[in-house]
Amino acid sequence: MERVRVMLNSEIPSILSDNLPFSNPALSRSYMLFHQLSNSENRKMYFASGDDYQNGKIRGHWVPWENRWIPIQENIPVEFIFNKLNNNDPSHIEVLNHSQRLEIPIYGDLNLGRFTSDKWKCYQTFPNYFALTEKIVPDYDTILQQIKDFFSKMDMTYAQHDDIAVLKPIYGWESRGIYLACRENGMLILRYLSGDPISDHHTIENSLRHVASVPYLIQAFVNTSRGIPEIDLHTNKHDARFVFYIKKPGIARFFQLYIKTPQGMVYYPIRYFPDSVFKVI
């Protein structure tokens, strides 16, 4: 039986489940294009769930069909893994560890992936590149006091700030599970990342219980509504995303740049970035 290249993705459910891949429509469209590019001419890569990996094989995969994904059930040996799994999921960690034991090549450095997915470890390693950050103690009874104490530390650390702290999961992506704790007229207000207030008492309680039960950070809000002056971006841009490859140590070739805005990711031509951007990178 032919061995195949496989992308294992944490956004893809098992073919035996009743769920569909990529609940976000924009993400689904992106991966449909990725599937098309990965399966043209002499190239082939299957898209599968880590839950469908078993002993060096996958028991099925997903293919796009008329703007939706359909499951294909077939038992196939894995030749190569393009890793898009959750580095904090014990079952996904075991899939990657098992693949390594079988010496199945895995795209990307696993240790780097595990490091960058841990926001607390990133902060501890590069504290000078982050705003004031602390780890939330997982205790619902003290969560409000922890937030109040953090605002006091913000007052002592910064001559001026926006009275906003960000609550974000240590392990997470796509801005999921992020809340804004805002101090307004001496009162603490919990808001969604969009800025909309959470007014329902039951929802506030459930949100705080979630923050106190899942590993979370609290971090001073960095206001980039007027741009990022350190790299001469002075328009309403949130942050820049760079795609590049390392030609040799210290030398990179940049070939794609995106800006994250409140409306989503926007392509931004390289020629519009000042040289100071690349010096920072």
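Trainee: How are H5 and H6 oriented relative to each other?
Mentor: In this predicted model, H5 and H6 are roughly perpendicular to each other. Helix H5 covers residues 143–157 and helix H6 covers residues 201–213, and the two pack at an angle of about 80° with their axes 10 Å apart. That angle is called roughly perpendicular because the class runs from 65 to 115 degrees.

Trainee: Why do you give me both an angle and a distance?
Mentor: Two packed helices are described by the angle between their axes together with the distance between those axes.

Trainee: Ok, and which residues of H5 and H6 make the contact?
Mentor: On the H5 side the contact is made by Ile143, Leu144 and Ile147, while H6 contributes Leu208, Val211 and Ala212. Sorted by residue class, the contact of H5 with H6 has six nonpolar residues, no polar ones and no charged ones.

Trainee: Staying with H6, how far does it reach from its first C-alpha to its last?
Mentor: H6 has 13 residues and reaches 18 Å between those two atoms, which is close to the 18 Å expected at 1.5 Å a residue.

Trainee: Which residues of H6 are buried?
Mentor: Ser207, Leu208, Val211 and Ala212 are buried in H6. They lie on the same side of H6, because the arc they cover around the axis is only 135°.

Trainee: And what is on the face turned away from that buried side?
Mentor: That face of H6 carries the exposed residues His202 and Ser213.

Trainee: What do the buried residues of H6 pack against?
Mentor: They pack against H5 and also against four strands, namely E8 (164–169), E9 (179–184), E10 (187–192) and E11 (216–220).

Trainee: You mentioned E8, and I was looking at Lys168; is that lysine buried or exposed?
Mentor: Lys168 is found in strand E8, and it counts as buried because its relative accessibility is 18%, with the cut-off for buried set at under 20%.

Trainee: So what does Lys168 touch?
Mentor: Once residues up to four places away in sequence are left out, Lys168 touches Lys119, Ile178, Tyr216, Leu217 and Gln219. Its C-alpha atom is also separated by 6.7 Å from that of Tyr179, a residue eleven places away along the chain.

Trainee: Different topic: which residues other than glycine have a positive phi?
Mentor: Phe22 is one of them, with phi near 55°, and Asn67 is another, with phi near 65°.

Trainee: Where do Phe22 and Asn67 lie?
Mentor: Phe22 lies in the loop between strand E1 (4–9) and H1, whereas Asn67 lies in the loop between strand E4 (57–65) and strand E5 (68–84). Phe22 is buried, with a relative accessible area of 4%, while Asn67 counts as exposed at 75% relative accessibility.

Trainee: Since H1 came up, what is His35 in contact with?
Mentor: His35 sits in helix H1, residues 25–38, and counts as buried at 12% relative accessibility. Beyond its neighbours within four places in sequence, His35 is in contact with Met45, Phe47, Trp62, Val63, Pro64 and Trp69.

Trainee: Last one, how many helices and strands does the protein have?
Mentor: The protein has seven helices and 14 strands, and its C-alpha atoms fill a box of roughly 65 × 45 × 40 Å along the principal axes. Buried residues make up 37% of its 281 residues, and of the contacts between residues at least 6 apart in sequence, 52% join residues at least 24 apart.

Technical notes:
Residues numbered from 1 in each chain as written. Predicted model: local features only at pLDDT ≥ 70, side-chain atom pairs only at ≥ 80, totals over all residues. Heavy atoms only, no water. Buried < 20%, exposed > 50% of the residue type's maximum accessible area, 1.4 Å probe, protein only. Contact = heavy atoms within 4.5 Å. Axes fitted to C-alpha atoms, helices over the stretch in contact; angles between N-to-C directions. Parallel < 35°, antiparallel > 145°, perpendicular 65-115°, else oblique. Nonpolar A, V, L, I, M, F, W, Y, C, P; charged D, E, K, R; others polar. Expected span 1.5 Å × (residues − 1). Arc of directions from axis to C-beta.
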